Amino acid sequence: MSRTSHRRKILRQFSLGLRRVRQHGPSEALFWLIAFFLGTAAGLAALLFRLGISTLETLLYNAQDHAVLASASVMPWWQLVAIPATGGLVVGLILHRFTPDGRVRAVADVIEGAALHRGRVEVREGLASAVASMITLGSGGSAGREGPVVHLAAVISTRIADRIHANGITGRDLLGCAVAAAVSASFNAPIAGAIFAMEVVLRHYALHAFAPIAIASIMGTLVNRLAFGDVAEFTLPIRNMVAFYWEIPAYLILGLVAGLVAVALMRTIFFAETFASTVQARTGMPRWLRPAVAGALVGIIAIFVPQVIGIGYEVTTRALTGEMALREVMFIAVAKTIAVAITLGGRMGGGVFSPALVIGALTGLAFGLIATQLIPAYSGSATTYALAGMGAIAAAVLGAPVSTTLIVFELTGDWQTAIAVLAAISTASAVASRFVKRSFFLAQLARRDVRIAQGPQEYLLQLVGIAHITKQEGTTGALSPEALDSLLSQGLSIDAESRLKPALRIFERTGALHLAVTQHGRDGAVRVVGSLSHVDALRAYTQALAATAAEEHS
């Protein structure tokens with residue numbers, strides 16, 4: 001066989017393989033290969049996003065990352081206001097142009113995509129949100145970079161899923177791979193990245209998804225380490241471990257305090273969002289101006305408390321090393337909470353995870369400073385409380401105790417304080433769940449009337465369409481025209497565009513066995529297109545539940 005014919009044969013086999021993938025989905029081995037490249041792509045996206053923020057910080061503040069605070073502290077007051085206000089204005093114009101609602105897409109939208117949209121997210125809006133969030137963080141907005149990176153990675157997985165015509169299961173698995181790689185690349189935390197994708201986004205630990213997600217997470221980490229080296233984000237001082245074991249009850253109490261602080265943080269953000277929307281509606285403010293006003297307000301706060309500027313890793317580092325006094329810690333924690341609420345409520349963009357780490361470290365340090373002063377003989381280092389508080393508030397906000405515990409460990413490289421961190425995280429998560437539905441992200445979705453927190457038994461009712469289970473006139477089991485007219489006269493009808501949830505409510509309320517299914521024509525006239533039986537509705541719901549259970553336990 002000649003070389004030319006051999007090449008043609010290889011190309012033909014490749015073409016046939018690609019066609020098969022598009023028609024039937026990838027095989028297990030091929031899916032692992034896709035996860036490899038997807039993890040690399042998502043890791044590179046996270047890296048570019050981080051470098052983009054650093055570039056903007058260098059241009060605007062002549063510093064980046066951990067040095068922004070020092071630079072902002074000596075800037076003239078008008079620059080502290082003008083930079084985030086201008087950044088907010090640019091963000092507002094971008095979102096006004098490229099999104100239908102002027103809202104930045106983030107982790108909540110990725111969770112919604114996994115549950116309701118076959119593992120897909122909005123591509124155009126997602127890219128605009130990534131650019132907007134980069135500008136927000138580079139210009140001093142008080143938020144985190146992880147949420148936008150997660151959604152940007154989800155955009156990449158969506159493009160791949162559409163390209164290979166992936167079904168719902170494959171699309172969700174690709175989404176999990178992208179999220180895992182993005183988180184691991186952001187934090188240099190491969191274990192936490194994989195667990196985060198399954199705990200927060202997919203919300204199950206299906207065995208078939210674990211291997212590709214782990215592969216993608218590893219690739220995201222490798223991208224991070226090739227760029228920044230294998231170093232921990234934070235370094236903790238040495239502490240007295242004997243005293244530490246006496247303090248376990250104190251860490252449980254810290255968890256209770258952290259849970260309440262997490263609730264306060266989330267509710268402050270939700271209040272700011274509602275208040276800003278009310279002001280915007282009553283004043284007729286253009287939606288593109290809202291982020292600019294938020295940026296100016298953050299800048300005004302920064303005049304007095306420059307620690308609120310940007311992501312806040314420098315503040316977190318100072319808290320974890322105990323370089324702050326009690327009064328300073330409490331003052332900055334309050335100011336940071338307000339600045340975060342203004343940034344997110346003002347729709348400037350960014351995520352909530354890094355702010356939760358900052359406020360958690362400050363809360364933990366404040367608690368530790370008080371505890372070590374009250375019982376100095378049985379107290380270790382206040383910085384250990386800062387570490388535990390950091391994990392506790394982040395876990396309560398994200399609703400992800402397992403992955404947050406791992407992220408804290410991998411951020412610090414300190415595995416000796418596992419008991420303290422777990423104690424604080426468990427109690428904080430329990431307290432916060434009493435006041436906020438499961439997590440900040442699920443509460444965000446609930447505010448948009450997207451009910452996912454209750455599980456598939458709730459959101460599947462929003463997913464199954466009436467049109468798919470309607471019996472058309474003339475088909476087996478369909479009602480006669482006279483019977484349909486009778487149902488209409490009794491008001492027992494439902495629109496063909498409706499979902500299963502309102503149909504089951506009608507069945508439950510009326511006790512009817514059938515509903516007439518109607519449709520609005522282009523001329524506005526309503527016509528009957530078929531019937532829906534209670535049995536068919538329940539069968540469709542049962543089948544959807546069974547398919548979800550099979551995926552989660554596969």
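This is a tour of selections to make in the open structure, from a surface patch through salt bridges and aromatic pairs to a covered helix. The model is a predicted one.

**Stop 1: the nonpolar patch**

Select Trp77, Trp78, Val293, Leu297, Ile300, Ile303 and Phe304 and show their surface. Together these residues make a nonpolar patch of about 730 Å². Helix 4 (77-98) and helix 13 (290-304) are the elements that give two or more residues to the patch. Helix 13 supplies the largest share, five residues.

Now centre on Val293, which lies in helix 13. Is Val293 buried or exposed, or in between? Its relative accessible area is 34%, so Val293 is partly exposed, since the partly exposed class runs between the 20% and 50% limits.

**Stop 2: the rest of helix 13**

Keep helix 13 and pick its end C-alpha atoms. How far apart are they? The distance is 23 Å; at 1.5 Å a residue the 15 residues should span 21 Å, and the two values agree.

Next, select the covered part of helix 13: Arg290, Pro291, Ala292, Ala294, Gly295, Val298, Gly299, Ile301 and Ala302 are buried. To see what these buried residues pack against, add helix 4, helix 12 (248-283) and helix 15 (326-345). Helix 4 thus appears twice on this tour, as a contributor to the patch and as a packing partner of helix 13.

**Stop 3: salt bridges**

The count of salt bridges comes to twelve. Three pairs and one network are visited here.

Start with Asp162 and Arg120, whose side chains form a salt bridge at 3.0 Å, N to O. This pair links distant parts of the chain, 42 residues apart: Asp162 sits in helix 7 (residues 146-163), while Arg120 is in the loop between helix 5 (107-116) and helix 6 (123-138). The partners differ in cover. Asp162 has a relative accessible area of 36% and is therefore partly exposed, whereas Arg120, at 10%, counts as buried.

Move to Asp449 and Arg451. Their side chains meet in a salt bridge of 3.3 Å, N to O. Asp449 counts as exposed at 51% relative accessibility, and Arg451 as partly exposed at 31%.

Then select Arg539 and Asp536, where the closest N and O atoms of the salt bridge are 2.6 Å apart. Both residues belong to helix 24 (residues 534-552) and are three residues apart, about one turn of the helix. Arg539 is partly exposed, with a relative accessible area of 43%, and Asp536 counts as buried at 11%.

For the network, select Asp101, Arg103, Arg105, Asp109, Glu122 and Arg448. Salt bridges with shared partners join these residues into one network.

**Stop 4: aromatic pairs**

There are seven aromatic pairs in the structure. Begin with Phe187 and Phe353. How are their ring planes set? The planes are at 85° and the ring centres 5.1 Å apart, so the pair is edge-to-face. Phe187 belongs to helix 8 (residues 168-187) and Phe353 to helix 16 (residues 353-374), so the pair ties together parts that are 166 residues apart in sequence. Phe187 and Phe353 are both buried.

Follow with Phe367 and Tyr385. Their ring centres are 5.7 Å apart and their planes at 50°, so this pair is tilted. Phe367 is in helix 16 and Tyr385 in helix 17 (residues 382-398), 18 residues apart. Phe367 counts as buried at 17% relative accessibility, and Tyr385 is buried with a relative accessible area of 1%. Add Tyr251 to the selection: Tyr251, Phe367 and Tyr385 form one aromatic cluster.

**Stop 5: helix 5**

Finish at helix 5. How many of its residues are buried? Ten of its ten residues are. To display them, select Val107, Ala108, Asp109, Val110, Ile111, Glu112, Gly113, Ala114, Ala115 and Leu116. Asp109 was already met as a member of the salt-bridge network.

The cover over these buried residues includes helix 7, helix 8, helix 9 (190-202), helix 20 (440-447) and helix 21 (456-463). Helix 7 also holds Asp162, and helix 8 holds Phe187.

The last selection is Arg118, which follows helix 5 and has a positive phi, near 55°.

Terms used. Residues numbered from 1 in each chain as written. Predicted model: local features only at pLDDT ≥ 70, side-chain atom pairs only at ≥ 80, totals over all residues. Heavy atoms only, no water. Patch = residues over 30% accessible without salt bridge, like charges linked within 9 Å, V, L, I, M, F, W, Y side chains within 5 Å. Areas by Shrake-Rupley, 256 points an atom, 1.4 Å probe, with all protein chains shown as cover. Salt bridge = Lys/Arg side-chain N within 4 Å of Asp/Glu carboxyl O. Helix = DSSP H or I, 4+ residues; strand = E, 2+ residues; numbered from the N terminus. Buried < 20%, exposed > 50% of the residue type's maximum accessible area, 1.4 Å probe, protein only. Expected span 1.5 Å × (residues − 1). Contact = heavy atoms within 4.5 Å. Phe/Tyr/Trp six-rings, centres within 6.5 Å; stacked < 30°, edge-to-face > 60°.
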